[in-house]
Amino acid sequence: MPELIFPLDSTKKFTDQVKIGHNRWHPEIPPVAQVRPGDSFRVHCREWFDGAIHNDDSAEDVRDAPLKTVHALSGPFAVEGAEPGDLLIVDILDLGPIPQEDSGPLAGQGWGYTGIFPLKNGGGFLTEQFPDAYKAIWDFSGQTATSRHIPGVSFVGIVHPGLMGTAPSAELLAKWNAREAALIATAPNRVPPLALPPEPQDAILGSVPSSDFDRVAGEAARTAPPRENGGNQDIKNLTQGSRIFYPVFVPGANLSVGDLHFSQGDGEITFCGAIEMGGFIDLHVDLIKNGMQTYNVGENTIFMPGRTAPQYSEWLAFSGTSVTLSGEQRYLDSHLSYQRACLHAIDYLTTFGYTPEQAYLLLGAAPIEGRLSGVVDIPNACATVYLPTAIFDIDIRPSSSGPIRVAKTGTAPHAAFQ
Ligand code: ZN
């Protein structure tokens with residue numbers, strides 16, 4: 001086992017650990033550990049809400065989830081000799097839930113969760129159709145996930161980190177804040193918001209000294225979006241065996257990681273669409289000196305996906321185009337066409353006895369494939385979503401005998417705002 005350089009004690013909060021991580025991006029958050037090019041090391045990760053979501057049959061915790069506390073990130077880890085302009089090579093050697101004999105209170109100890117976040121607290125990809133909070137708990141048996149809240153499905157996990165990235169420079173951070181503030185200013189009262197400005201409340205900034213804390217907390221970027229540093233990319237294919245090349249913006253690179261997922265579908269569509277969990281990740285790092293210029297990598301990461309994805313031989317795919325539900329034609333709107341493809345799949349799955357919410361949660365968590373199939377055929381973009389038929393206990397293919405309904409044993413817990 002590689003040396004554990006960021007341990008987390010499951011009985012303690014993220015802020016009560018020996019080494020304190022962070023939940024914002026800022027160049028002045030000091031590294032918690034230093035590694036060398038060529039080193040392998042192990043890091044523990046807390047699930048993104050640090051234990052606020054529970055293994056129970058209520059969705060009130062999702063409805064009231066403390067969004068200002070996310071994401072609980074492990075790091076930053078400084079890489080000796082890394083300088084701005086380098087490419088940081090990160091290999092994912094291994095990762096998984098916290099090894100534990102009995103399932104405990106924290107996600108990752110034998111279980112994880114998927115949430116539909118309500119319109120008034122985060123929203124999601126289909127928040128107009130699904131404005132309330134719902135939750136599904138998934139149980140892990142070896143590599144397999146099943147849920148008492150979504151009967152009749154099981155699938156092999158495609159474990160990956162939702163979030164990993166390098167620290168921004170002061171200049172890059174200022175650029176993020178300026179461009180996101182300009183977007184927010186176009187509709188400052190929108191629910192859900194267009195973007196999240198810096199938020200000092202609940203900021204965790206590692207060992208930033210108290211004399212600088214308020215200033216840094218007022219500047220530090222939220223971790224929700226992916227940006228030039230990688231960040232919350234939520235790419236389900238960053239499984240074991242992946243190699244990612246991150247741009248380096250500060251001396252030491254200052255790599256951070258968190259938001260581990262047991263599984264996720266393309267798009268992570270319910271917002272908390274993956275199966276969220278804590279766990280461990282083993283990384284190996286190296287450097288390509290001046291690699292950003294050598295390979296013209298200025299904007300965001302490049303990567304080689306892992307080779308351990310579950311293999312499915314048969315898919316049932318649903319398409320959607322850029323026409324709104326009320327019939328309005330939009331011009332090559334790929335976002336809308338993927339929404340329509342997903343709604344198409346959800347409508348279909350309800351004929352087998354699933355509620356729309358169960359189907360939505362399933363599309364978030366299962367290893368579905370999403371594709372931009374056509375983006376040039378004016379006026380309609382065509383997006384498609386592929387469901388592996390083998391994850392269902394029943395045959396979900398269309399046939400002349402009609403749908404066989406799934407044996408109903410569970411419902412997805414629901415919570416609305418009063
Ligand atoms: Zn996540």
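Reader: In strand 9, what is the bridge partner of S147?

Author: This is a predicted model, so let's work from its strand pairing. Strand 8 (residues 144-147) and strand 9 (residues 150-156) pair in the antiparallel sense over three bridges. The two strands form a hairpin with two residues between them. In that pairing, the strand 9 partner of S147 is I150.

Reader: And on the other side, which residue of strand 8 is the bridge partner of D139?

Author: Strand 7 (residues 133-141) runs antiparallel to strand 8, and three bridges join them. Here too there's a hairpin with two residues between the strands, and G142 in the turn has a positive phi of about 60°. The bridge partner of D139 in strand 8 is T146.

Reader: Which residues of strand 8 make up its uncovered face?

Author: In a regular strand the side chains alternate between the two faces of the sheet. Strand 8 has A145 and S147 on its covered face. That leaves the uncovered face to T144 and T146.

Reader: Let's go to the metal. How are the donor residues of the zinc ion spaced in sequence?

Author: D259 and E276 each appear twice among the protein donors through OD and OE atoms, and H261 gives NE2. These donors lie 2.0 to 2.7 Å from the zinc ion. Written as a sequence pattern, the spacing is D-x1-H-x14-E.

Reader: How many residues apart in sequence are the parts that H261 and E276 tie together?

Author: H261 sits in strand 14 (residues 255-261), while E276 sits in strand 15 (residues 271-276). Since the two donors belong to those separate strands, the pair ties together parts whose separation in sequence is 15 residues.

Reader: Is H261 buried or exposed, and what is its relative accessible area?

Author: The cut-off for buried is under 20% relative accessible area. E276 counts as buried at 1%. H261 is buried as well, with a relative accessible area of 0%.

Reader: What lies between domain 1 and domain 2?

Author: The assignment gives domain 1 (3-304) and domain 2 (315-391), with C-alpha centres 26 Å apart. In terms of contacts, 31 residues of domain 1 meet 23 residues of domain 2. The largest nonpolar core has 80 residues, and L88, W138, F155 and F392 have the most contacts inside it. Both domains give residues to this core, so what lies between them is the largest nonpolar core.

Reader: Which helix gives the most to this core?

Author: F392, one of the residues with the most contacts inside the core, touches G152, V153, L349, Y354, L362 and L387, leaving out residues up to four places away in sequence. As for helices, the one that gives the most, with eight residues, is helix 5 (residues 334-350).

Reader: At about what angle does helix 5 run to strand 18?

Author: Strand 18 belongs to an open, antiparallel sheet of three strands in the order 18-20-19. Strand 18 (315-321) and strand 19 (369-374) are the edge strands, each pairing on one side only. Helix 5 lies across strand 18, strand 19 and strand 20, and its angle to strand 18 is about 130°.

Reader: In strand 20, what is the bridge partner of L372?

Author: Strand 19 runs antiparallel to strand 20 (residues 382-388), and five bridges join the two. The loop between these strands holds P379, and the peptide bond joining I378 and P379 is cis, with omega about 0°. Across the pairing, the strand 20 partner of L372 is A383.

Reader: What is the omega of the cis peptide bond that joins V70 and H71?

Author: Most residues other than glycine have a negative phi, and most peptide bonds are trans. H71 is in the loop between helix 1 (60-63) and strand 4 (73-79). For the cis bond joining V70 and H71, omega is about -10°.

Reader: Is D234 buried or exposed, and at what relative accessible area?

Author: D234 is in the loop between strand 12 (230-231) and strand 13 (243-247). Its phi is positive, about 50°, although D234 is not a glycine. N290 also has a positive phi, near 60°, but counts as partly exposed at 39% relative accessibility. D234, by contrast, is buried, with a relative accessible area of 15%.

Notes
Residues are numbered from 1 along each chain as its sequence is written. This is a predicted model: local features need pLDDT of at least 70, side-chain atom pairs count only at pLDDT 80 or more; totals for chains, interfaces and linings use all residues. Side-chain values use heavy atoms; hydrogens and water are left out. Donors are N, O and S atoms within 2.8 Å of the metal (3.2 Å for Na, K and Ca); water is not among the atoms, so sites may look incomplete. Helices (H or I, at least four residues) and strands (E, at least two) are DSSP runs, numbered from the N terminus. Buried means under 20% relative accessible area, exposed over 50%, partly exposed in between (1.4 Å probe, protein chains only). A nonpolar core is a set of buried Ala, Val, Leu, Ile, Met, Phe, Trp, Tyr and Cys residues joined through side-chain atoms within 4.5 Å. Domain bounds come from an automatic or database domain assignment. Contact means heavy atoms within 4.5 Å. Two strands pair if DSSP finds at least two bridges between them. Axes are lines fitted to C-alpha atoms, for helices over the stretch in contact, and angles run from 0 to 180 degrees between N-to-C directions.
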